[in-house]
Structure formats: C-alpha cells, structure tokens
Amino acid sequence: MGNETAVRAASTVSMDTIVSLCKRRGFVFPSSEIYGGYASFWDYGPLGAELKRNIKDAWWRDIVHKREEVVGLDASIIMHPDVWKSSGHLENFTDPLVDCRNCKQRFRADNLPGFEQAVEAGATDPLADLPCPNCGQRGKWTEPRAFNLMFKTFVGSVEEDAATTYLRPETAQAMFVQFANVLASSRRKLPFGIAQIGKAFRNEITPGNFIFRLRELEQMELEYFVKPGEDDEWYEYWRAFTMDWFTGFGVPRESLRLREHDRASLSHYSKGTTDLEYLFPFGWGELWGVAARTDFDLKAHATGSGKDLSYFDEETKTHIVPYVVEPALGVDRAFLVFLLSAYAEEPDKDGTRVVLRFHPRLAPVKAAVLPLSRKAPLTAQARELRDQLAERYSVEYDETGSIGKRYRRHDEIGTPLCITVDFQTLEDGAVTIRDRDTMEQVRVSLGEVEATLREKLGF
Ligand code: GAP
C-alpha cells in the first residue's frame, strides 16, 4: 500500500456495474430521484462526498500547496455579464444542433455517427447521407443552428435584459478577470499560476453516460501564466504532468493516452490543445484538457474592461501580456476514472470478492474498526479506538454482520485497512489489522495502531 504506484491492468467493468455499485453503497444517486430523476444531474452520497473531497484535496495539494509559484482563488459563480461577452462565450460557446425532419428528434450534428468520417473524406455537406440514430431516415436534417450552452439567469427582481447573466460554464474566466488583483496581492513573478476548484454549468445537448457529461459539473483548473515564447515548453510540461498525476494514483498507463487536437477542432482561444483521455467502457473520452491559450484571455478582458492586465517584467523593464497554459480537469470525470480503474473482481474462498483498490489518499474511508462481537467490553474498546483514530483519519465503526461480511463490505467501498478488536484484545491489548489488497493480517498493540496506519497508508 503506501504511496507507491500499484501496477494494474485496464478495467473491463461495465458502466451498469459501476452505476449500480454507486447507488447501493452510497457513492452517487440520481438527482431528485423521488421525482423521477433529472437528466444529467447527479448527487454524491456519503461515500461519494468523501471520495470527491479527497480528489479535490489531492489536486489542491499537488497543484497549489506543493508549488511555490501557484496560488488559489475562490470566485463567485455568477459574474458580470460582460465577462462572457469579452471571453467569447456568448458568441462561440455553442454546439451545432440539427433536427430530424422525419421524427423531430434533436441531435448535435458533430456527434452523429459518421459525421467525422464524412468531414475527413472532404464531403461538402457531411450531413447529406447520415441516417437519424432514432428513426433511421437518411439526410432529413434541418440546417445546423448554433445553440449556446450557457444557462441564462436573472439578477434582481425584474426579468429584463439589463439583469440577464449566466451561470459560469467554466471556472477559468475569474482567474483572468482577477489577474491584476492576484498579482498585486501575492507578488508573484512569471511563471506563476492561479488555481480554482468550483462548480460550472453547461446546458449539454447530448448528456449521458452517468457522471461523464453533466449539466452541473465541477472543475479543477489552473491558469499558468508564462512569458511569451516560453509557452511551448510549459505546454509540454503540463501535458506530461496530467499523465503522471493519474498514474501516480494507480490508474493504469494503458488506459490513458494523450491526444492532440487537430487545428480545425481547436477552441476559439487555443493555439494548441491536448486531451488526456481515458478508455471508458463506452470508448476513449476526454479527462483533462491542456490548452495553450496564448494571451487571448488577458487581452480580451483588458479590451472589454478598459483595465490594464499586463505584467511588468523587471528584467527587460517592459510591460508584457503573459501567455497562458491551462490544464483543466473535471472533478466528476476524475471521480469516474478512479472508480472504474479501482474496480476489481477476484475469486476467493466464498465465491467472488469485489474490491475497489483506491489509492489510500483517495479512499473514502481509511480504516474500519470492527469489534468481533457486540458485547459491551469489546464495543467500548472499539469505539474508543475509532474516536482516537478519527482525530486524524476518516474511520468507520461497524459492528453489524459476520466479520467476513464486514470485510467484504469494506473491500467493496475500498477501505484500505480493517482493524478487528477481539476477545484477546481485552487480555493482550492488541488488535488485528487486515490489508485490503493482500488480505494479510498483522497483530499490533493498541498503542502502535496509529503509527501502523500512518506507515501502511503512507501519510
Ligand atoms: N477552461 C477550459 C475548459 O473548461 P473543457 O475541455 O471544456 O475546458 C475541462 O473542460 C474539463 O472539464 C474536461 O476535460 C472535463 O474533464 C470536464 N468537463 C467538461 N464538460 C463537462 C461536462 N459536461 N460534464 C462533466 N465534466 C465536464
């Protein structure tokens, strides 16, 4: 266990298995389920809330706390509407929508099966011969219309245009808009970064695949400001970082790949973008995007606001507009990837053991304290130990069911260590610690339990 990278094979688990485990064990529930659910909104249950928090903490620790040159920001979700005009989102944050004239179903044109191949083959009208995925009719498409993905909302009591703004579709913009304030207050020199974790909202047209494509999502974004001309080097650095970060938490290398976007598919702000992709059960999908955004954003907001967003370079005694490299990761997608890659089924003496081999830092529960019986002296001792360990770790006390069943339950939610308090504990003051992955058990005195956890968990 500890912090070493576990070498594992790519996961072959199905989405249905993961969705059902998530519901059964309290990782993720359909939003508003008692009202029939709500498309592409999901709620994180007790274990999901822990896992999500651990993912965000791990990212913050590695991106902000460990790096001297990166600082954090926690900005408001609703910003001045002009932010979205200057950033280009009002004009460009759109999907091309088409309707099938036969069955009236609506689709994203560029997501239709065969669209990409038609574009690659140089078709003048790539939709012309494409069948409708719903009714099968070919080429019955309306002209594509640009549909803006931002959720509109109204600030103030009157629903008039002056009060219209948007729920942010990405956390990035606040880091550009607050560039001058952060620079002045943190006194950083280039290269330096501003990082933020927070909710974003997108009115996705083709939602689905569980928490892969959400309408309310959470992002962890870093805007890394560098001197013009040094951006290519940093683009390479952050591309490599994304791969190392996920493999460092045990995600198998063979289920990850870096895919460079071709020029035609680049966002309006980007000179180059690479996605770290994961091999999901439904195919390769974007996990972490790294974009070379040039000076597009700072210049756009400087023009839009009329404020100076330049940086004074002490070496050359000139004002420059920094270039930006942006690694942008979705918390929900990271959550799904860690779940999928942790999942394993193994034969054991009672049939099949389901185990989530989470990295100890990410595991929702670090250790379970299990009294062998519900008899008072044992439960009192076990509760005392739980309370002591809970000062440092998220620890569960569990006294229901046979010890075998309890081990299984904790394997299935990825608890790295189970600590059993038995009758002998009352005599020798020692407990048994079982390792989730090797199933090995060691006897440890009560006074040594915390130090043993620290050693086995790696922190
Ligand atoms: N600031 C740049 C930006 O937002 P993006 O590629 O649109 O770039 C970054 O989003 C990351 O956010 C993606 O790589 C993905 O992990 C996550 N993400 C984007 N849209 C999402 C959605 N609808 N549901 C869940 N995660 C999403």
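In the predicted model, the side chains of Asp 99 and Arg 106 are joined by a polar contact of 2.8 Å. Asp 99 belongs to strand S4, which covers residues 94-99, and with a relative accessibility of 15% this residue counts as buried, because the limit for that class is under 20%. Beyond its neighbours within four places in sequence, Asp 99 is in contact with Arg 106 and also with Gln 105, Lys 140, Trp 141, Thr 142 and Arg 145.

The protein as a whole contains 14 helices and 23 strands, and its C-alpha trace spans about 80 × 65 × 50 Å along the principal axes. Of the 459 residues, 51% are buried. Among contacts in the protein with a separation of 6 or more, 66% are accounted for by residues 24 or more positions apart.

The largest nonpolar core comprises 64 residues, and those with the most contacts inside it are Phe 27, Trp 59, Trp 245 and Phe 246. Helix H10, formed by residues 331-342, supplies the largest share of this core, with nine residues. A second core, separate from the largest one, consists of 28 residues and includes Met 175, Phe 192, Phe 225 and Ile 320. When neighbours within four places in sequence are left aside, the contacts of Phe 246 are with Val 251, Leu 256, Leu 276, Leu 287, Trp 288, Leu 329, Ala 334, Val 337 and Phe 338.

Phe 27 is also among the residues touched by Leu 356, a residue of strand S18 (residues 351-356). Leu 356 is buried, its relative accessible area being 0%. Not counting residues up to four places away in sequence, the other residues that Leu 356 touches are Leu 21, Leu 339, Ala 342, Tyr 343, Asp 411, Glu 412, Ile 413, Gly 414 and Arg 436. The C-alpha atom of Leu 356 is separated by 26 Å from that of Glu 448, which lies 92 residues apart from it along the chain.

An open sheet is formed by five strands in the order S20-S19-S21-S22-S23, with mixed pairing. Strands S20 (395-397) and S23 (441-445) stand at the edges and have a single partner strand each, so that one side of each is left without a neighbour in the sheet. From one strand to the next, the twist averages 25°. Within this arrangement, strand S21 (residues 417-421) pairs with strand S22 (residues 430-435) in the antiparallel sense over four bridges, and Thr 420 stands opposite Thr 432 in S22. Helix H12, made up of residues 403-412, packs on the sheet and touches strands S19 (367-371), S20, S21, S22 and S23, while its direction makes about 170° with that of S19.

The ligand is surrounded by 20 residues, of which the closest are Glu 170, Glu 204, Glu 221, Glu 286 and Leu 287. Leu 287 is also one of the residues in contact with Phe 246. Polar atoms of the protein lie close to both oxygen and nitrogen atoms of the ligand, as the following distances show. An N or O atom in the side chain of Arg 202 is 2.8 Å from an oxygen atom of the ligand, and a polar backbone atom of Gly 330 is 3.0 Å from an oxygen atom of the ligand. For Glu 326, a polar side-chain atom lies 2.9 Å from a nitrogen atom of the ligand.

Conventions: Residues are numbered from 1 along each chain as its sequence is written. This is a predicted model: local features need pLDDT of at least 70, side-chain atom pairs count only at pLDDT 80 or more; totals for chains, interfaces and linings use all residues. Side-chain values use heavy atoms; hydrogens and water are left out. A nonpolar core is a set of buried Ala, Val, Leu, Ile, Met, Phe, Trp, Tyr and Cys residues joined through side-chain atoms within 4.5 Å. Buried means under 20% relative accessible area, exposed over 50%, partly exposed in between (1.4 Å probe, protein chains only). Helices (H or I, at least four residues) and strands (E, at least two) are DSSP runs, numbered from the N terminus. Contact means heavy atoms within 4.5 Å. Two strands pair if DSSP finds at least two bridges between them. Axes are lines fitted to C-alpha atoms, for helices over the stretch in contact, and angles run from 0 to 180 degrees between N-to-C directions. A residue is near a molecule or strand if one of its heavy atoms lies within 4 Å of it. A polar contact is a pair of N or O atoms within 3.5 Å; within protein, one must be able to donate a hydrogen and the other to accept it, and residues adjacent in sequence count only if both atoms are side-chain atoms.
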